[in-house]
Amino acid sequence: MAGQLTSLGALIEESAAAAGGWLLRGTVAARRVAAIERRLPGLTHGEAVWWSRPAKDRPAPRATNPRSPRADR
């Protein structure tokens, strides 16, 4: 499950065995939350609890594609 979450952009900061299951704690971009919430029942066979709260603002990552050169140059 952790691999699936990281492939969706989650950064897992802590994992621990807890009460017959696992506790995963980490950070995910707000734009990815809905995708993770939709996949959670399938990943956990309906036996998960999702809890989230807003964290801090961070700058969006820069685009990896360089800008195309201007046509007027």
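What is the volume of the largest pocket? The exercises below work through this pocket and then through one residue, Thr44, in a model that is predicted.

**Exercise 1.** Describe the largest pocket by its volume, its lining and the elements that supply it.

*Solution.* Begin with the volume, which for the largest pocket is about 1500 Å³. Next, consider the residues around this space: 41 residues line the largest pocket, and the closest to its centre are Gly26, Thr27, Val28, Trp50 and Trp51. Then sort the lining by class, which gives 25 nonpolar, seven polar and nine charged residues. Finally, turn to the elements, where β1 (11-18), β2 (21-27) and α2 each supply at least two residues of the lining, and where β2 gives the most, with seven residues.

**Exercise 2.** Place Thr44 in the structure, decide whether Thr44 counts as buried or exposed, and find what lies around its side chain.

*Solution.* First locate the residue: Thr44 belongs to helix α2, which covers residues 33-44. Second, compare its relative accessibility with the cut-off for buried residues, which is under 20%; Thr44 has 14%, and therefore counts as buried. Third, look at the side chain of Thr44, where a polar atom lies 2.9 Å from the backbone oxygen of Leu40. Last, set sequence against space, for Thr44 and Met1 are 43 residues apart in sequence, while their C-alpha atoms are 7.8 Å apart.

Key: Residues numbered from 1 in each chain as written. Predicted model: local features only at pLDDT ≥ 70, side-chain atom pairs only at ≥ 80, totals over all residues. Heavy atoms only, no water. Helix = DSSP H or I, 4+ residues; strand = E, 2+ residues; numbered from the N terminus. Buried < 20%, exposed > 50% of the residue type's maximum accessible area, 1.4 Å probe, protein only. 1 Å grid on protein atoms, 1.4 Å probe; cavity = no way out; pocket = protein on both sides within 12 Å on 5 of 7 lines; lining within 4 Å. Points joined across faces, edges and corners; volume = space filled by probe spheres on them. Nonpolar A, V, L, I, M, F, W, Y, C, P; charged D, E, K, R; others polar. Polar contact = N/O pair within 3.5 Å; in protein donor to acceptor, adjacent residues only side chain to side chain.
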